[in-house]
Structure formats: structure tokens, C-alpha cells
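Me: I would like to go through the charged contacts and the metal site here. Short answers, please, with the reasoning shown.

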Amino acid sequence: MARVLVVEDEASLRFVLEHGLRQAGFEVLAAADAATGWELLERADVLVLDWMLPDEDGLAFLGRLRRTPRYEELPVLMLTARAGERDRVEGLLGGADDYLTKPFSTAELAARLVALLRRARGRRVLERGELRIDLERARVSLAGEEVPLTRREFDLLAFLGRRPGRVFARGELIERVWGGDFRGTARTVDQHVAQLREKLGDGWIETVRGRGYRFTEEP
Ligand code: CA
């Protein structure tokens, strides 16, 4: 059963959503403010986020979430009372996957959540030529043969593989893959890239001189 987290400060709407989504077959977690919502995030498969919250703007919350590696892929649907086109564009640019303007029906919300979850599942396996990265099981295979990777090698490959063609500096990779409290050096990244090349062959991760690394766009 998929678990949805609803972050909505308006008690009556929160109540309606909790009950409606439960009836639609979801397990529901609910929070009345951003701080409580943040605490519950790690248990959620999909997030319904109100734009106007008492303690933090919904877009700021969303930005914070997208900058946190483990929540980068969490599907997010934003709720707003404002129907303007500008809001819609901002919401999508801010990293929301979908958007509903109040008032809306719980049935429509449930249908959108099901679609978001289906799309998210499709993103959990990356296939590029003979390389297959299973993000959910943390497994990698090449031409059908499983390739054993360490946790960091996998994290690095998965991070780059989800963003083919984008160049990342070593410092950024350390921050995004190893986490903010890591005290290693750029050399650590180089070592991991070398190990990945040894295991997977050259051609997947490219060195961009003076800038960093990128996952190939051409398998
Ligand atoms: Ca609100």
C-alpha cells in the first residue's frame, strides 16, 4: 500500500484528505506544518504539499527537499488556493511533479497520486545500452551480468546516471553523494570513478577536463 504524506495546515481540508485518501486505498500520514512534515518525510512514498504553510513557504520546503539527495526523487504534488498560470509554472520549476488548485475532489487527487507513483516506479531502473542500474535494489548489471559495487560506488554511479550529460565538479559530487559532513578530498571521487571504470569499462563516466565528471549521453 502506498503511503502518502499530506502537509496542510487547514484542519478541515486535512481531515477530508486523510479520510478520502484512506478510502482510496492509501496509507496516510498528515502534518499541519512544514517542520512536522519534514520529520515524516522519510516514511512517505508521495507527498501532497500545501503552498501556504504557517512556518515555511511550500516552495521553500520543496526546494529544501530537492536539495536533499534521499528526497530528490520523491514525487510531490502541490496544492494551492491561487489559480494563476504564474503559480503553476513556478511550482513546476520549483520541483513539483504535479499541481492542484483548490477546490478539487479527493478522487482527482487520488488519481493524480496513483499516476505519480506509477511514473516514479518507472524511474527506479535506469537502462543505458547494456548497463542496467536498479535504483530500488541497488544492483547494477552489464550485459545481464551482475557487477558487484560498493555502496559509494553505487551511489556515485546512480547519481550521475540519473543525470546523463550533466557535468558535476568533484566538490559537488562529494556534497551530493557523500553528504555534507564528509571530510574527504577530490581524490576520493577520482578513486571511485577509477574503480567504476575498472568494473564497468570506460565510456560510461566521462572526465570533463578542468570541470569534473559526467555520465555519458551516448551509450
Ligand atoms: Ca495553507
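**Salt bridges and calcium site**

Reply: The side chains of arginine 132 and glutamate 127 form a salt bridge, at 3.6 Å from N to O. This is a predicted model.

Me: Is glutamate 127 buried or exposed?
Reply: Exposed means over 50% relative accessible area. Glutamate 127 has a relative accessible area of 58%, so it is exposed.

Me: What about its partner, arginine 132: what is its relative accessible area?
Reply: Arginine 132 counts as partly exposed. That class lies between 20% and 50%. The value for arginine 132 is 34%.

Me: How many salt bridges does the structure hold?
Reply: The pair of arginine 132 and glutamate 127 meets in a salt bridge. For the structure, the number of salt bridges is 18.

Me: Which residue meets arginine 151 in a salt bridge?
Reply: Arginine 151 sits in helix α6, residues 151-161, and its partner is four residues apart from it in that helix. That spacing separates the two by about one helical turn. The N to O distance is 3.6 Å, and the partner is aspartate 155.

Me: Which of arginine 151 and aspartate 155 is exposed, and which is partly exposed?
Reply: Aspartate 155 has a relative accessible area of 22%, so it is partly exposed. Arginine 151 has 61%. The cut-off for exposed is over 50%, so the exposed residue is arginine 151.

Me: What separates arginine 176 and glutamate 172 along their helix?
Reply: Their side chains meet in a salt bridge at 3.4 Å, N to O. Both residues lie in helix α7, residues 170-178, four residues apart. The separation is therefore about one helical turn.

Me: Is arginine 176 buried or exposed?
Reply: Glutamate 172 is partly exposed at 32%. Arginine 176 has a relative accessible area of 18%. Under 20% counts as buried, so arginine 176 is buried.

Me: Which residues are joined into one network by salt bridges that share partners?
Reply: Shared partners link the salt bridges into one network. Its members are Glu8, Asp50 and Lys102.

Me: Which residues are the protein donors of the calcium ion?
Reply: The donors lie 2.1 to 2.3 Å from the ion. Their spacing in sequence is D-x40-D-x1-M. They are Asp9 (OD), Asp50 (OD) and Met52 (O).

Me: Where do aspartate 9 and aspartate 50 lie, and which of them is buried?
Reply: Aspartate 9 is in the loop between β1 (3-7) and α1 (11-23), and aspartate 50 is in strand β3 (residues 46-50), 41 residues apart. At 33%, aspartate 9 is partly exposed. At 3% relative accessibility, the buried one is aspartate 50.

Methods. Residues are numbered from 1 along each chain as its sequence is written. This is a predicted model: local features need pLDDT of at least 70, side-chain atom pairs count only at pLDDT 80 or more; totals for chains, interfaces and linings use all residues. Side-chain values use heavy atoms; hydrogens and water are left out. A salt bridge is a side-chain nitrogen of Lys or Arg within 4 Å of a carboxyl oxygen of Asp or Glu. Buried means under 20% relative accessible area, exposed over 50%, partly exposed in between (1.4 Å probe, protein chains only). Donors are N, O and S atoms within 2.8 Å of the metal (3.2 Å for Na, K and Ca); water is not among the atoms, so sites may look incomplete.
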